[in-house]
Amino acid sequence: WCITEDAELGLRIFENGHEAVYIPKSYGRGLMPDNFRDYQKQRYRWAYGAMQIMRRHAAQLIGLQDSKLTNGQRYHFIAGWLPWIADGINLLFSLAALTWSAAMIVAPKHVDPPLIIFSILPIGFFIFKIAKLFYLYRGARVAMSVRRTISAAIAGLSLSHTIAKAILNGIVTSNVPFFRTPKLANAHAFAQAIGDVREETLLMLGLWTASVGVAMQQGLQTMDLVVWIVMLLIQSLPYAAALGTSLVSVLPKSMIHKGTLAKVPQ
């Protein structure tokens, strides 16, 4: 019933009072997906599976049903999935922002920009998300270079829409089949790469169009309008990252800087 059976098994182990021990030794190696489409499918499965787990184990996670989970374990399981849930909420916000912006363009004399607080919240969330990533990747945990950290940030942002759809679908459905991520597959053509992110591309273009339309129709006379337009542009960044990452994934390896991709046996 669960397409992320390993994570679900771990939770059941904790519910039965057992412990997990971290061992700093690798016992196996894996391969990353070869193209962005398979990268999307892999992350969709993880996020959808997380919602399956939360729905099935909700009573144990919030303490309504007896289990041997500690408060710390409950916190970490729920907190670990909150960023993905936030992506689902953010997609709904983007759609609402597009609708509101369209009304501001069509009826500029009757529809004002929302209160500035509604624009600042998503901007603040985005800044916090990027700052946290740089803090963890640059020094606190991984000590990556600036170039790799930026690449990781773009790759992470590129999956925001995929995760959002998985979370929202996981709330209302429960029957998505298991998908094994292909490895060593042939690279997609550029046309296919764009087709793989058509939803993200449309949302990106929609947000850009909305920002330009609002600026032309209502101007930049008030701070509410300026912050709203800035928010629309920031909301488009994850969708732009998806398009860019999808295109990069089909570039010939000879065009990608040496060392950015792991070598795999042919």
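A residue counts as buried when under 20% of its relative area is accessible, exposed when over 50% is, and partly exposed in between. Keep that scale in mind for the close-ups below, which all come from a predicted model.

**View 1. Asp-196 and Arg-37 join up in a salt bridge.** Their side chains meet at 3.9 Å, going from N to O. Asp-196 belongs to helix H8 and Arg-37 to helix H2, so this contact ties together parts that sit 159 residues apart in sequence. Are the two partners buried or exposed? Asp-196 has 13% relative accessibility, so it counts as buried. Arg-37, with a relative accessible area of 33%, is partly exposed. This pair is one of four salt bridges in the structure.

**View 2. Asp-87 pairs with Lys-129.** Here the salt bridge spans 3.4 Å from N to O. The two residues link distant parts of the chain: Asp-87 is in helix H4 (residues 71-106), Lys-129 is in helix H5, and 42 residues separate them. Asp-87 shows just 7% relative accessibility, so we call it buried. Lys-129 comes in at 28%, which makes it partly exposed.

**View 3. Glu-199 meets Lys-165.** The N-to-O distance in this salt bridge is 3.1 Å. Once again distant parts of the chain are linked, with Glu-199 in helix H9 and Lys-165 in helix H7, 34 residues apart. Glu-199 is partly exposed, at 35% relative accessible area. Lys-165 also counts as partly exposed, at 28%.

**View 4. Step inside the second largest pocket.** It holds about 340 Å³ of space. Which residues come closest to its centre? Out of 14 lining residues, they are Gln-40, Lys-41, Thr-162, Lys-165 and Asp-196. You have already met two of those names: Asp-196 bridges to Arg-37, and Lys-165 bridges to Glu-199. Helices H2 (36-56), H7 (160-172), H8 (190-196) and H9 (198-218) each give at least two residues to the lining. Sort the lining by class and you get seven charged, five polar and two nonpolar residues.

**View 5. A nonpolar patch sits on the surface.** Leu-115, Ile-117, Phe-118, Ile-120 and Leu-121 make up this patch, and together they have about 500 Å² of accessible area. Take Leu-121 as an example: this residue lies in helix H5 (residues 116-140). Its relative accessibility is 55%, so Leu-121 counts as exposed. Helix H5 also carries Lys-129, the partner of Asp-87 in View 2.

Notes
Residues numbered from 1 in each chain as written. Predicted model: local features only at pLDDT ≥ 70, side-chain atom pairs only at ≥ 80, totals over all residues. Heavy atoms only, no water. 1 Å grid on protein atoms, 1.4 Å probe; cavity = no way out; pocket = protein on both sides within 12 Å on 5 of 7 lines; lining within 4 Å. Points joined across faces, edges and corners; volume = space filled by probe spheres on them. Helix = DSSP H or I, 4+ residues; strand = E, 2+ residues; numbered from the N terminus. Nonpolar A, V, L, I, M, F, W, Y, C, P; charged D, E, K, R; others polar. Patch = residues over 30% accessible without salt bridge, like charges linked within 9 Å, V, L, I, M, F, W, Y side chains within 5 Å. Areas by Shrake-Rupley, 256 points an atom, 1.4 Å probe, with all protein chains shown as cover. Buried < 20%, exposed > 50% of the residue type's maximum accessible area, 1.4 Å probe, protein only.
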